[in-house]
Amino acid sequence: MRDEGPNKLVGTLNLRSHTAVVDIPYNSKTYSIKYRSSTNLNEKDGQIHKNYNGWIQNLTRSINAQLTSS
């Protein structure tokens, strides 16, 4: 994770030859995870590598766990 200014984080996952980058805008009540870019994930025409959604689900679970433990 990298802080990219007020209310915005950037997350990067490097796994083997794959890289996924997401923007995470947030405020005191909500956050979202938005696709930013990728390498070797075959992103094209609204399609992406089959594992991408699983990685985003894992990230969502991790963020929610951190929020509920705070």
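Q: Why is Tyr52 called buried in this predicted model?
A: Tyr52 has a relative accessible area of 8%. Buried means under 20%, so Tyr52 is buried.

Q: What makes Tyr35 partly exposed?
A: The relative accessibility of Tyr35 is 33%. Under 20% would be buried and over 50% exposed, so Tyr35 counts as partly exposed.

Q: How do you know that the rings of Tyr35 and Tyr52 form a pair?
A: Happily, this one takes a single distance: the ring centres of Tyr35 and Tyr52 lie 6.0 Å apart. Centres within 6.5 Å make a pair, so these two rings qualify. By this rule the count comes to 1 aromatic pair.

Q: Why is the pair of Tyr35 and Tyr52 called edge-to-face?
A: Here we turn to the angle. The planes of the two rings stand at 70 degrees. Planes over 60 degrees apart count as edge-to-face, so that is the name for the pair.

Q: Which parts of the chain does the pair link?
A: Tyr35 belongs to strand β4 (residues 34-39) and Tyr52 to helix α1. With these positions 17 residues apart, the pair links distant parts of the chain.

Q: Why is Arg16 called exposed?
A: Arg16 has a relative accessibility of 69%. Exposed means over 50%, so Arg16 counts as exposed. You will find Arg16 in the loop between β2 and β3. Its phi is near 55 degrees, a positive value in a residue other than glycine.

Q: What makes Asn42 exposed?
A: At 64% relative accessibility, Asn42 passes the cut-off of over 50%, so Asn42 counts as exposed. Asn42 sits in the loop between β4 and α1, and its phi is near 55 degrees, a positive value in a residue other than glycine.

Q: How many residues of each class line the largest pocket?
A: The lining has 8 nonpolar, 3 polar and no charged residues. Among the lining residues are Met1, Leu9, Tyr26, Asn27 and Gln66. Tyr counts as nonpolar, whereas Asn and Gln fall under polar. The volume of this pocket is about 210 Å³, and helix α1 (residues 52-69) gives the most to its lining, with 4 residues.

Q: What lines the second largest pocket?
A: The lining includes Met1, Gly11, Trp55, Ile56 and Asn58. By class, the lining has 7 nonpolar, 3 polar and no charged residues; Gly counts as polar here. The largest share, 4 residues, comes from α1. About 180 Å³ of space lies in this pocket.

Terms used: Residues are numbered from 1 along each chain as its sequence is written. This is a predicted model: local features need pLDDT of at least 70, side-chain atom pairs count only at pLDDT 80 or more; totals for chains, interfaces and linings use all residues. Side-chain values use heavy atoms; hydrogens and water are left out. On a 1 Å grid over the protein atoms alone, a cavity is a set of points where a 1.4 Å probe fits but cannot get out, and a pocket is an open set with protein on both sides within 12 Å along at least five of seven lines; lining residues have an atom within 4 Å of a point. Grid points are joined across faces, edges and corners, and a volume is the space filled by probe spheres set on the points. Helices (H or I, at least four residues) and strands (E, at least two) are DSSP runs, numbered from the N terminus. Rings of Phe, Tyr and Trp (its six-membered ring) pair if their centres lie within 6.5 Å; planes under 30 degrees apart count as stacked, over 60 as edge-to-face and the rest as tilted. Buried means under 20% relative accessible area, exposed over 50%, partly exposed in between (1.4 Å probe, protein chains only).
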